Amino acid sequence: MSEFILVTTTASTKEDAAKIAAVLLEGRLAACVQILGPIESRYWWNGKIEQSAEWLCLIKTIRGKFPAVEAAIRANHSYEVPEIVACPIELGSELYLEWLRRETAG
């Protein structure tokens, strides 16, 4: 099982995405958060297909921090059901992974 994970979430505004990123970084819950957007999202909600512009957050962290990352996202998110998905980082530059480990150690 990989020690490192990439967590994704989306936000309705760039400001909301920046707020989530700040909370995660200031709490040492993530080493890096990239904010991309706007992106176009299409999804099922309340029985119909919806479409909206969103901002995507790519959150690099370690597996042990996931419960706190999830809680921080939920506490600072405007969505009723925010996307919070984690994927393992199976391979990466050893220097980058060591940096990720070091920056989330606090």
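Which strands each supply at least two residues of the lining of the largest pocket? I took this as my opening entry, noting that the model is predicted.

**Entry 1: the pocket.** I found that β2 (32-45) and β3 (48-62) each supply at least two residues of the lining. I recorded β2 as the element that gives the most, with three residues. For the space in this largest pocket I noted about 230 Å³.

**Entry 2: the lining.** I listed the lining residues as Thr10, Tyr43, Trp44, Trp45, Ser52, Glu54, Tyr79, Glu80, Val81, Pro82 and Glu83. I then sorted them by character and obtained six nonpolar, three charged and two polar residues.

**Entry 3: the backbone.** I turned next to the backbone, bearing in mind that most peptide bonds are trans and that most residues other than glycine have a negative phi. I looked up Pro38, which is found in strand β2. The peptide bond that leads to Pro38 from Gly37 is cis, and its omega is near 0°.

**Entry 4: positive phi.** I noted Arg28, which is not a glycine yet has a positive phi, near 55°. Arg28 sits in the loop between α1 (14-26) and β2. I entered Arg28 as partly exposed because its relative accessibility is 35%, a value between the cut-offs of 20% and 50%.

I also noted Asn46, another residue that is not a glycine, with a positive phi of about 50°. Asn46 lies in the loop between β2 and β3. I entered Asn46 as exposed because its relative accessible area is 67%, and exposed requires over 50%.

Definitions and conventions:
Residues are numbered from 1 along each chain as its sequence is written. This is a predicted model: local features need pLDDT of at least 70, side-chain atom pairs count only at pLDDT 80 or more; totals for chains, interfaces and linings use all residues. Side-chain values use heavy atoms; hydrogens and water are left out. On a 1 Å grid over the protein atoms alone, a cavity is a set of points where a 1.4 Å probe fits but cannot get out, and a pocket is an open set with protein on both sides within 12 Å along at least five of seven lines; lining residues have an atom within 4 Å of a point. Grid points are joined across faces, edges and corners, and a volume is the space filled by probe spheres set on the points. Helices (H or I, at least four residues) and strands (E, at least two) are DSSP runs, numbered from the N terminus. Ala, Val, Leu, Ile, Met, Phe, Trp, Tyr, Cys and Pro count as nonpolar, Asp, Glu, Lys and Arg as charged, and the others, Gly among them, as polar. Buried means under 20% relative accessible area, exposed over 50%, partly exposed in between (1.4 Å probe, protein chains only).
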